[in-house]
There are 2 protein chains.
Amino acid sequence: MVSPVYLRIVEDIREKISNAVLKPGDAIPSEKALGEEYGASRMTVRKGLAILANEGYIYSIPGKGNFVQKPELNKYCICYDEMNNSINSVDKTKLLEVSIIMPDDKLAGELQITRNRNVILIRRLFYTDGTPVAYDIKYLLYQKGMPIVEKEIAHATFPEMLSGSVPLLALRKELTIYAAVPGEEIKKYLNIYHELALLVVEQKLYNSENKPVGMGITYYRGDYIKLQGASQ
Amino acid sequence: MVSPVYLRIVEDIREKISNAVLKPGDAIPSEKALGEEYGASRMTVRKGLAILANEGYIYSIPGKGNFVQKPELNKYCICYDEMNNSINSVDKTKLLEVSIIMPDDKLAGELQITRNRNVILIRRLFYTDGTPVAYDIKYLLYQKGMPIVEKEIAHATFPEMLSGSVPLLALRKELTIYAAVPGEEIKKYLNIYHELALLVVEQKLYNSENKPVGMGITYYRGDYIKLQGASQ
DNA sequence: AAGTGGTCTAGACCACTAG
DNA sequence: TAGTGGTCTAGACCACTTG
């Protein structure tokens, strides 16, 4: 079997959609018809169509048929890792602070907790070639059994910090990206003496019950970071 | 049939992975064993496993078995639309320029064309509540039959501009995000009189042969935009 | 009533992995 | 050699849509 039948079906139909032979909203031949066309059973045809549906090319309406999907024009996938981006990679970190704090009203609200709940505060600086390029703050809900080993924390990305206490596959993550002018404290940490923009990335992590388990803010020197995304 | 058998299988196994009953690398019971456990045929079991594989929970090794996947810790999905973001939405646009130009060396390189190829240049301002919030530049490879209707261009997002000449499902898109300090020209367009950071978003579009068909840069006032992403 | 997709079965043969 | 996943079939019954 050089190439399975269902893959030939997938490739053929995908090609027709890419070349606009089949346009969004058009009906695809019925599963019975495709089976006859390719000399395949209905289950084999369905396997191919399931793949196309999964890739976002088609959708089906029970009782009616399969149809070409309208493309998602504005979806992008971005791989964000505090320590690595497309123009830069962190080669040194400095742990400024690890402490247990009681949250203020704003933080308690963000983390959906009361003000007497313990929170771990971690502040770090990221360096590239000896230059400080980012100032990083993390707040983690303290969980019993959570390892606060400084050596581990210093170089960990945010999800990694939680790997001991939360099953990572249950983690839901949110990202917010914006630009800002640095305040005096950050200017000092990042050795900024002239006008410079910051790229700010906020992360928020939720457990499987959709409760926040941590949030973080990273302030990058604008001249040391580019985030990249792509469709698909 | 209240809930199909294959969905029960999916939910059971997904639950076990989320609760760390099954950990990354662990083997899942064989398809035969699962079939006996759920009183289902092997094809039904496989349908469930295919869904889990597609969701990124498991993977399979032929001849060995199905295994729990290590989670993707840094993948985020972001919906980017020039005109809409999480804190702001453009309600007016102003077309500054639509013209056909010959690219300079830099642009020709970016678009992988020779300097005698025609390029459409579009410059726009985006407004929210009467305030200019973004300055937008687009370069499109001129294709014969391309509609340059000013009314259409003024309010279109980048992929929409190409909808007449390129099958949109074949479009591959790239995004680059960074922060910068505004230059004099942009300060003038965006009425910036004090220190302010810009969020800059570059878009590059490719056709099905992976040749660039357009690129765009949008300069947002840092106080008027936040981009958001999420896992899944 | 005829056609469509959704679910499911009980087999089959293959290629691969492991002891 | 026994067990595993990968492909495939030829049926079946169901719920749904359309005329």
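## Basis of the description

A residue is called buried when its relative accessible area is under 20%, exposed when it is over 50%, and partly exposed in between. The structure described here is a predicted model.

## The surface near DNA strand D

DNA strand D is surrounded by 26 residues, and the closest include A:Tyr6, A:Ser41 and A:Thr44 from chain A as well as B:Arg42 and B:Arg46 from chain B. By class, these residues comprise 10 nonpolar, 9 polar and 7 charged. Of the strand D atoms that lie within 4 Å of the protein, 66% are part of sugar or phosphate, while the rest belong to bases.

Several elements supply at least two residues each to this surface: helix 1 (5–18) and helix 3 (42–54) of chain A, and helix 3 (42–54), strand 2 (58–61) and strand 3 (65–68) of chain B. Helix 3 of chain A gives the most, with 4 residues. Among the contacts with phosphate oxygens of strand D, the side chain of A:Thr44 places an N or O atom at 2.5 Å. A polar side-chain atom of A:Lys64 is found at 3.1 Å from a phosphate oxygen, and one of B:Asn66 at 3.2 Å.

## The surface near DNA strand C

DNA strand C likewise has 26 residues around it, the closest being A:Arg42, A:Arg46, B:Tyr6, B:Ser41 and B:Thr44. Of the strand C atoms that come within 4 Å of the protein, 66% are accounted for by sugar and phosphate. The residues of this surface divide into 10 nonpolar, 9 polar and 7 charged.

Phosphate oxygens of strand C meet both backbone and side-chain atoms. A backbone N or O atom of B:Val5 lies 2.7 Å from one such oxygen, and a polar backbone atom of B:Gly39 is at 3.5 Å. The side chain of A:Ser30 also has an N or O atom 3.5 Å from a phosphate oxygen. Two or more residues of the surface come from each of helix 3, strand 2 (58–61) and strand 3 (65–68) of chain A, and from each of helix 1 (5–18) and helix 3 of chain B. With 4 residues, helix 3 of chain B gives the most.

## Aromatic pairs and charges over rings

Over all chains, 8 aromatic pairs are counted. One of them is the stacked pair of B:Tyr135 and B:Tyr189, whose ring centres are 4.7 Å apart and whose planes differ by 10°. This pair joins distant parts of chain B, since B:Tyr135 belongs to strand 9 (residues 131–141) and B:Tyr189 to helix 7 (residues 184–189), 54 residues apart. Both tyrosines, B:Tyr135 and B:Tyr189, are buried.

In chain A, a single aromatic cluster is formed by A:Tyr135, A:Tyr189 and A:Tyr219. Two lysines of chain A are placed over rings: A:Lys92 lies over the face of A:Tyr127, 4.3 Å from the ring centre, and the charged end of A:Lys138 sits over A:Phe158, 4.9 Å from the centre of that ring.

## Cysteines without disulfides

The count of disulfides over all chains is 0. B:Cys77 forms no such bond because the closest cysteine sulfur, in A:Cys77, is 5.7 Å away, which is too far. For B:Cys79 the closest cysteine sulfur is in B:Cys77, also at 5.7 Å and too far for a bond.

B:Cys77 has a relative accessible area of 26% and is therefore partly exposed. B:Cys79, at 48% relative accessibility, is partly exposed as well.

## An exposed methionine

A:Met43 is located in helix 3 of chain A. Its relative accessibility is 56%, so A:Met43 counts as exposed. A:Glu31 is 12 residues from A:Met43 in sequence, and their C-alpha atoms are 8.8 Å apart.

Terms used
Residues numbered from 1 in each chain as written. Chains lettered and ligands numbered in written order. Predicted model: local features only at pLDDT ≥ 70, side-chain atom pairs only at ≥ 80, totals over all residues. Heavy atoms only, no water. Near = heavy atom within 4 Å. Polar contact = N/O pair within 3.5 Å; in protein donor to acceptor, adjacent residues only side chain to side chain. Nonpolar A, V, L, I, M, F, W, Y, C, P; charged D, E, K, R; others polar. Phe/Tyr/Trp six-rings, centres within 6.5 Å; stacked < 30°, edge-to-face > 60°. Buried < 20%, exposed > 50% of the residue type's maximum accessible area, 1.4 Å probe, protein only. Lys NZ or Arg CZ within 6 Å of the ring centre and 35° of its normal. Disulfide = S-S within 2.5 Å.
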